[in-house]
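Dear colleague,

I am handing over the structure below, and my notes on what was found in it follow directly after. Please read them with the model open beside you.

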Amino acid sequence: MFITSRRRELESDLFETRLLGKKAVCMAGEEAVEKFYDNELFVRKNAVPGVISKSLLGEGVHGMDGEAHRHRKRMFLSMMTPERIEDMKDIALQELDKKAKLWEKRSRTVIYDDIREVLVRSGCRWAGVPLKEEEAAQRTREMGMMVDSFGSLSRMKDGKKARKSQEEWLAGIVRQVRKGKLQPAEHTALYIISHYRDENGKRLSASEAAVEVNNAVRPLLATGYFIVFGCLALHEFPDISEKLAADENGFSQMFAQEVRRYYPFAPAMAAKVKKPFTWHDYQFKKDQLVVLDFFGTNRHPDSWNDPDTFNPERFKDWKGSPFSFVPQGGGDHYAGHRCAGEWLTVIVMRAFFKYFTTHLSYEVPEQNLAWSLSRVPTIPKSGFVITNVKRLHASP
Ligand code: HEM
């Protein structure tokens, strides 16, 4: 809440501060997002602290600029065809249903723990990455450590170790693809990245390719945080379950969007000023660090009525601005750094929330469902425990 609280205190969407010993500007709101995603004004190279690159993000597409970034980004977006987005839904539902069979036999299940494994298995299958049964637990733990790392220095250390192990594993897989020992389908991320040539016609080294294969699988785990928060919303607002089950007028879409708007995941993003410019009487200097408040923008009163209320129906008449709703970054997917996996995230969220309401019955026992904004990323303390699970249909 640091940026949001300070903004409210100063009654300004723009203020100067010091972050990690450096002078920085923090900003929020629709107009600020539009500026932040202007490639003429900002660059990403070396903007995010090294510890975050070495644990959460990796040294690939996230920190690139200009033509090199545009080219690399097109590679990612070529994976996101309507057919491949549907594939992800089908795969993820199969994996969820498999897991739910185990839930029926157990006395209690922590959704946060199990959803992560479901998503790792789904992500690997979707991306064409072979995941041996005996390594599923290790890879889930490692990807979990990377995604969970970015709010604390000690967790970042664990995330860095996990990344090293993941990148070695994935580089080995890329080498096998290149030697023809592994033959993933042509539409998969593993195939596309292994054979990708950059804007100069050069193939990525196996370790560079491993970073990008990781970028096509690991972030799906972040969806797990939104799934847990969606389960919490279903529990706290029981009338929503019926609306979700009926799914009239695209209710599941509105619900998924409101979960992404209301609950926190990625709090902010950093960039550096490319060339000096003035905005709102403030002079941005070349190389200055600028931090954009995602969470505060998603709840900005200029863009959202009653922003601190959970209300999926607000998306009924939403105009769809690329700058006011930024749970996964803003601007244009092709031109800038906006998340390449937004469609996958939303389709998996919608499918899982519908599955929970139409394919499962379960109870939510007494537990600590409080969540804290001082932990990043955050989820309810208990991880959302369910009991007495029954599958209502054979499979989705
Ligand atoms: C970029 C969030 C899911 C792939 C990003 C960014 C954020 C984000 C905040 C950075 C935006 C910026 O730099 O301005 C999330 C969240 C997710 C999610 C919260 C789920 C809840 C996914 C999935 C994939 C994916 C499922 C792919 C399978 C990427 C890639 C980038 C990215 C490749 C880099 C884009 C670039 O730098 O041009 N994501 N993401 N993400 N995301 Fe996601």
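**Around the ligand**

In this predicted model, the ligand is surrounded by 24 residues, of which the closest are Pro219, Gly329, His337, Cys339 and Gly341. Two or more residues of this shell come from each of helix 4 (66–77), helix 10 (206–217), helix 11 (222–236) and helix 15 (342–358), and it is helix 11 that gives the most, with three residues. Sorted by class, the shell around the ligand holds 14 nonpolar residues, eight polar ones and two charged ones.

**Backbone details**

Three places in the backbone may be worth your attention when you prepare the model. The peptide bond that leads from Val376 to Pro377 is cis, with omega near -10 degrees, and Pro377 belongs to the loop between strand 9 (360–363) and strand 10 (385–391).

His280, which is not a glycine, has a positive phi, near 50 degrees, and lies in the loop that joins strand 6 (277–279) to strand 7 (282–284). Because there are 11 other C-beta atoms within 10 Å, His280 is classed as exposed, the cut-off for that class being 12 or fewer.

Asp306 likewise has a positive phi although it is a residue other than glycine, the value being near 45 degrees, and it sits in the loop between helix 14 (294–298) and helix 15. Asp306 has 10 C-beta neighbours inside 10 Å and therefore counts as exposed.

With best regards

Notes. Residues are numbered from 1 along each chain as its sequence is written. This is a predicted model: local features need pLDDT of at least 70, side-chain atom pairs count only at pLDDT 80 or more; totals for chains, interfaces and linings use all residues. A residue is near a molecule or strand if its C-beta atom, placed from the backbone, lies within 6 Å of it. Helices (H or I, at least four residues) and strands (E, at least two) are DSSP runs, numbered from the N terminus. Ala, Val, Leu, Ile, Met, Phe, Trp, Tyr, Cys and Pro count as nonpolar, Asp, Glu, Lys and Arg as charged, and the others, Gly among them, as polar. A residue is buried if 20 or more other C-beta atoms lie within 10 Å of its own, exposed if 12 or fewer, and partly exposed in between; C-beta atoms are placed from the backbone.
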